[in-house]
Amino acid sequence: MRAKGKKKAKPVPSRGFATRAMVPVLLFAAVVCLGALAASIHNQSPSPAVKQPLPRKPTDARDLKSSAEYPNVKGLKGFVPYTLTPTGSFPHDETCFTQGLLYKDGYLYESAGLYDKSDIRRVDAATGEVLQKVPMGKEYFGEGLTEVVLDGRPEFWQLTWHEKVIVAYEATPEMRYIRTMKNLPRTTTGELWGICNNGTHLFVTDGSEKLEVWSIAEEPKRVAVLTVLEETPQGERKPRKRLNELECLPPASPDQGWTDLLLNVWYSDEILRVSGTTGAVLERFDLSGIYKRTSQHDVLNGIAYDAATQALYITGKLWSKMYTYKLSHATD
């Protein structure tokens, strides 16, 4: 019998007991944290898998001739092969996410992409110095660039990626904004990538194997949709996807009955010569090693041509160099 007034003391748990009691709580917390981390990782948008080319030596100073003889040029009236002869290089703004390029009156005009960083800029074609920039709205991702003449007025037309509009500027060194064109034909992918024109029609790419042909108007209309097909010497016909930046060229001969296009294939070092009438690949130029890549983003993506001097300007996204070539015909 307990003595009156005295209470039995409660046992004090040992330190070891407290530690053992906390183990389930700590394990539960660890499981919850790991689960949250796994969910976070799963919900992140993974970077697209990109096949990186093997490192190659820089292209040496040799003429780049067509790397293949295509059956579809045999008997093609007016066909004359091209040769690209390296002539030099100069600095390029390595922060510029190049999406489009054109030459006019001693300057290069360049379309820079990325949201909140897109602009159209004027660049000295001899030194690479950026002389002026006109920013786009933060909601736009700049893409291809071309100069058109509409009702006698020269204008620069800059594509946008997902926004699917064309922003028009005065084709002057000041590049003053004119208007935004919204009523455009819908492309295969619903996106706008590259653009050039031959004076009567626009040629537009969307990252697929399709080449859109539109009228030149304040509200362009679709005239045709071509599939760019490469025909190998073995007779295989395969569509060339990921068509990106492009440049329209004047006829290589008086008998040529089509518009020549130079097209860059995204994530490759190839430039294709394509018929703007049929979509057939006429020649293919391999520029492997022209620039040493450091990431999956800094890919070849800028082609401009000066017909007066036959100078071809080539650069890429985030490149520190602009390369120049002479684009000559085999008969020159």
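This is a short tour of a predicted model, one selection at a time.

**Stop 1: the largest pocket**

Start by selecting Tyr-103, Glu-147, Asn-197, Glu-247 and Cys-248. Of the 22 residues that line the largest pocket, these five lie nearest its centre. The space in this pocket comes to about 450 Å³.

Now colour the elements around the pocket. Those giving two or more residues to its lining are strand 3 (98-104), strand 7 (142-150), strand 11 (195-197), strand 17 (243-249) and strand 21 (300-306). Which strand gives the largest share of the lining? Strand 7 does, with five residues.

If your viewer can colour by residue type, try that on the lining next. You should find 14 nonpolar residues, five polar ones and three charged ones.

**Stop 2: the disulfide**

Keep Cys-248 selected and add Cys-196. A disulfide joins the two, with the sulfur atoms 2.1 Å apart, and the structure holds one disulfide in total. Cys-196 belongs to strand 11 and Cys-248 to strand 17, so the bond ties together parts that are 52 residues apart in sequence.

Turn the view to look at the S-S bond between Cys-196 and Cys-248. Is this disulfide right-handed or left-handed? The torsion about the bond is about 65 degrees, so it is right-handed.

Switch on a surface and check the two partners: Cys-196 and Cys-248 are both buried. While you have cysteines on screen, pick Cys-96 as well. Cys-96 is buried too, with a relative accessible area of 1%.

**Stop 3: along strand 3**

Go back to strand 3 and select Gln-99, which is found there. Is Gln-99 buried or exposed? Its relative accessible area is 3%, so Gln-99 is buried.

Add Leu-145 and draw a distance between the C-alpha atoms of Gln-99 and Leu-145. They are separated by 7.8 Å, though the two residues are 46 apart along the chain.

**Stop 4: aromatic rings**

Show the side chains of Phe, Tyr and Trp. There are eleven aromatic pairs in the structure. One of them is Trp-319 with Tyr-323: the ring centres are 6.1 Å apart and the planes stand at 85 degrees, so this pair is edge-to-face. Trp-319 and Tyr-323 are both buried.

For a group of rings, select Phe-97, Tyr-115, Phe-141 and Trp-161. Ring pairs link these four into a cluster.

Next, zoom to Tyr-107 and show Arg-122. The charged end of Arg-122 sits over the ring of Tyr-107, at 4.7 Å from the ring centre.

**Stop 5: strand 6**

Stay with Tyr-107 and add Leu-131. The C-alpha atoms of Tyr-107 and Leu-131 are separated by 9.5 Å, with their positions 24 residues apart along the chain. Leu-131 has its place in strand 6 (residues 130-135). Leu-131 is partly exposed, at a relative accessible area of 35%.

Also in strand 6 is Lys-133. How does Lys-133 count at 45% relative accessibility: which class is it in? Lys-133 is partly exposed. Select Val-123 as its companion: Lys-133 and Val-123 are ten residues apart in sequence and 9.1 Å apart in space, C-alpha to C-alpha.

**Stop 6: Arg-153**

Move on to strand 8 (residues 153-160), where you will find Arg-153. Arg-153 is partly exposed, with a relative accessible area of 36%. Add Glu-170 and draw another C-alpha distance: Arg-153 and Glu-170 lie 8.3 Å apart in space and 17 residues apart in sequence.

**Stop 7: two backbone oddities**

Finish with the backbone angles. Most residues other than glycine have a negative phi. Select Arg-242, in the loop between strand 16 (237-239) and strand 17. Arg-242 is not a glycine, yet its phi is positive, at about 60 degrees. Arg-242 is also partly exposed, with a relative accessible area of 38%.

For the last selection, take Gln-310, which lies in the loop between strand 21 and strand 22 (311-316). What is the phi of Gln-310? It is near 65 degrees, a positive value in a residue other than glycine.

Definitions and conventions. Residues are numbered from 1 along each chain as its sequence is written. This is a predicted model: local features need pLDDT of at least 70, side-chain atom pairs count only at pLDDT 80 or more; totals for chains, interfaces and linings use all residues. Side-chain values use heavy atoms; hydrogens and water are left out. On a 1 Å grid over the protein atoms alone, a cavity is a set of points where a 1.4 Å probe fits but cannot get out, and a pocket is an open set with protein on both sides within 12 Å along at least five of seven lines; lining residues have an atom within 4 Å of a point. Grid points are joined across faces, edges and corners, and a volume is the space filled by probe spheres set on the points. Helices (H or I, at least four residues) and strands (E, at least two) are DSSP runs, numbered from the N terminus. Ala, Val, Leu, Ile, Met, Phe, Trp, Tyr, Cys and Pro count as nonpolar, Asp, Glu, Lys and Arg as charged, and the others, Gly among them, as polar. Rings of Phe, Tyr and Trp (its six-membered ring) pair if their centres lie within 6.5 Å; planes under 30 degrees apart count as stacked, over 60 as edge-to-face and the rest as tilted. Buried means under 20% relative accessible area, exposed over 50%, partly exposed in between (1.4 Å probe, protein chains only). A charge sits over a ring if NZ of Lys or CZ of Arg is within 6 Å of the ring centre and within 35 degrees of the ring normal. A disulfide is a pair of cysteine sulfur atoms within 2.5 Å.
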